[in-house]
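Dear colleague,

I am handing over the structure that you will be working with from now on. Please open it beside this message, and read the notes below with the chain in view.

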Amino acid sequence: MIKKILIANRGEIAVRILRACRDLGISTVAVHSTVDADAMHVRLADESVCIGPAQPRESYLNIPAIISAACVTGADAIHPGFGFLSENAMFAHMVEEHGLIFIGPKADQIAMMGDKVMAKKTMARIGLPVVSGSEGTVTSVEKALRLADEMGYPVLIKAAGGGGGRGMNVAKSRQEVALAYETARREAGIAFGNDSVYLEKYLKNPRHIEFQILMDQFGNAIHLGERDCSLQRRNQKVWEEAPSTVLSPAFRDDFGRKIAASISQLGYVGVGTLEFLYENDQLFFIEMNTRLQVEHPVTEMITGYDIVCEQILIASGEKLSMTQEEVKFSGHAIECRINAENSETFLPSAGMVSNYHCPGGPGVRVDSALYDGCKIPPYYDSLVAKLIVHGRDRTQCLARLRRALKEYVIDGVDTLISLHQKMSDDQDVVSGRFDIHFLEKIFEN
Ligand code: ADP
């Protein structure tokens, strides 16, 4: 069993992982940049190590500094959280090379799913429905035009190594292909150091639905149902819920089992998420994330399982603590991402938090690293807290969400709280009538 874990992350997710470690009796090592010396994750950990200056490249992405910190403190495993190095196959490989356990799948699995073209090919080969598009990467504007003409417009040009909703451009007609292609290539080269792109049919009004899977080293593979993450801005999720209002229990069970069985055939071990677009009662695979997701708590709230604890136990070589038959879904959960951003312009907002008041009461969970007087530095992702609410059904969940949002006070910086208040009162959100374009429509009006 793992005894000490170094958490290679910051913010609410570092705190979330720390809590799982404490529940399992595992010691913790926090790492931090110079500006995070007083951060909550540092205060709560058993030990902490400063790994460099504020810029992520010099601290939270600094592989030698992180591995040295693990070796010096005698940690036996590293948890990467999400973002930063969590999907960096080279990091996973180097962690193992140093005799440490990487809490995640093997490096080759990360590399395979990190290449979205390869991931789609693999899923199609094992029989999962994928969004139609190019067979592989598209290497010239001429080829992109030929394919787009065949597929019909609109088409989406996407970065093979993309993530975080970046590196994708829509071409609504033949005239727009060249610009969309060149822009996607350029953006992908800058953001991901890999300018390969591919083409996909642009679905007009889909929902984003993803399945959570868990696999141990003994071939046990289960799913924990789906999450509906359709409420997005610029292809980035802001509100997630479980279960989705559009899938029936029979469909969930059949499809979830099929996915779990297929992925375990690939030799995958760990937790993972398969993302799909849902249109005309069908799901089409778009990508797989080989790490913990930001929105994992909604699944925890409706199943009662702690996904981070399960992830650590799998990495320790333990068997999954549940069978598929034991998994029961209860009630409804919604997560609101509380980003330090302006609710209208979405511009990030750094500064010192004052008058912090966290909501509570029945059904309310807050995953955050905020405290009164803490500083939100300008260098990192703007997600600073997650408000997660559970109710016996969606109606009760929404009522509790409105109550919690009203109680939540974060002064000193802008946050998305007022946007979430607007969304939780919106008639289309309340009745579950939305797709991935819902927020764009709100902001156009
Ligand atoms: P990333 O890895 O950058 O998050 P994804 O492939 O997961 O990229 O897509 C992010 C979001 O972009 C999806 O949730 C969806 O809203 C939108 N999207 C992606 N592919 C398509 C598509 N083929 N048609 C329409 N929307 C898409």
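Across the interface of domain 2 and domain 3, 1 residue pair is in polar contact, both residues having a pLDDT of 80 or more, and the count of salt bridges between these two domains is 0. On the side of domain 2 that touches domain 3, the residues divide into 1 nonpolar, 2 polar and 2 charged. Please keep in mind throughout that this is a predicted model.

To place that interface in the chain, the domain assignment gives domain 1 as residues 4-103, domain 2 as 132-201 and domain 3 as 207-444. The contact between domain 2 and domain 3 takes 5 residues from domain 2 and 4 residues from domain 3, while the C-alpha centres of the two domains lie 28 Å apart. About 340 Å² is buried between domain 2 and domain 3, and carbon and sulfur atoms give 38% of that area. Of the area that domain 2 buries against domain 3, 56% is supplied by Gly164, Gly165 and Glu200, which is more than any other three residues supply.

Glu200 also appears among the salt bridges, of which the structure holds 29. Its partner is Lys158, with the closest N and O atoms 2.9 Å apart, and the pair links distant parts of the chain, since Glu200 is in strand β8 (residues 197-201) and Lys158 is in strand β6, 42 residues apart. Both Glu200 and Lys158 are buried.

A second buried pair is made by Glu295 and Arg337, whose closest N and O atoms are 3.1 Å apart in a salt bridge. Glu295 is in the loop between β13 (282-289) and α10 (296-303), whereas Arg337 is in strand β14 (residues 332-339), again 42 residues apart. Salt bridges that share partners join these two residues with Glu210, Arg227, Lys237, Glu240 and Glu275 into one network.

How exposed are the partners in the salt bridge of Asp46 with Arg22? Asp46 is partly exposed because its relative accessible area, 46%, falls between the 20% and 50% cut-offs, and Arg22, at 43%, counts as partly exposed as well. The closest N and O atoms of Asp46 and Arg22 are 3.0 Å apart. Asp46 lies in the loop between α2 (40-44) and β3 (47-52), and Arg22 lies in helix α1 (residues 11-23), with their positions 24 residues apart in the chain.

Strand β19 (residues 383-391) holds two residues that I would like to describe together, Gly391 and His390. Gly391 is buried, with a relative accessible area of 1%, and His390, at 17%, also counts as buried because that value is under 20%. Leaving aside neighbours within four places in sequence, Gly391 is in contact with Gly331, His332, Gln396, Cys397 and Arg400. With the corresponding neighbours left out, His390 touches a list of residues that includes Met301, Ser330, His332, Gly363 and Arg400. A polar atom of the His390 side chain lies 2.8 Å from the backbone oxygen of Ser330. The C-alpha atoms of Gly391 and Met301 are separated by 9.2 Å, although their positions lie 90 residues apart along the chain.

In helix α7 (residues 141-151) you will find Leu145, which is buried, with a relative accessible area of 19%. Apart from its neighbours within four places in sequence, Leu145 is in contact with Tyr153, Arg174 and Val177.

Some backbone details remain. The peptide bond from Tyr153 to Pro154 is cis, with omega near 0 degrees, and Pro154 lies in the loop between α7 and β6 (155-159). Another cis peptide bond joins Ala242 and Pro243, where omega is about -5 degrees; Pro243 is in the loop between β11 (236-242) and α9 (249-265).

Phe84 has a positive phi of about 35 degrees although it is not a glycine, and its place is in the loop between β4 (77-79) and α4 (89-97), where it counts as partly exposed at 29% relative accessibility. Asn235, likewise not a glycine, has a positive phi near 65 degrees; Asn235 lies in the loop between β10 (221-233) and β11, and is partly exposed at 39% relative accessibility.

With kind regards

Definitions and conventions: Residues numbered from 1 in each chain as written. Predicted model: local features only at pLDDT ≥ 70, side-chain atom pairs only at ≥ 80, totals over all residues. Heavy atoms only, no water. Domains from an automatic or database assignment. Contact = heavy atoms within 4.5 Å. Buried area = accessible area lost by both parts, 1.4 Å probe. Salt bridge = Lys/Arg side-chain N within 4 Å of Asp/Glu carboxyl O. Polar contact = N/O pair within 3.5 Å; in protein donor to acceptor, adjacent residues only side chain to side chain. Nonpolar A, V, L, I, M, F, W, Y, C, P; charged D, E, K, R; others polar. Helix = DSSP H or I, 4+ residues; strand = E, 2+ residues; numbered from the N terminus. Buried < 20%, exposed > 50% of the residue type's maximum accessible area, 1.4 Å probe, protein only.
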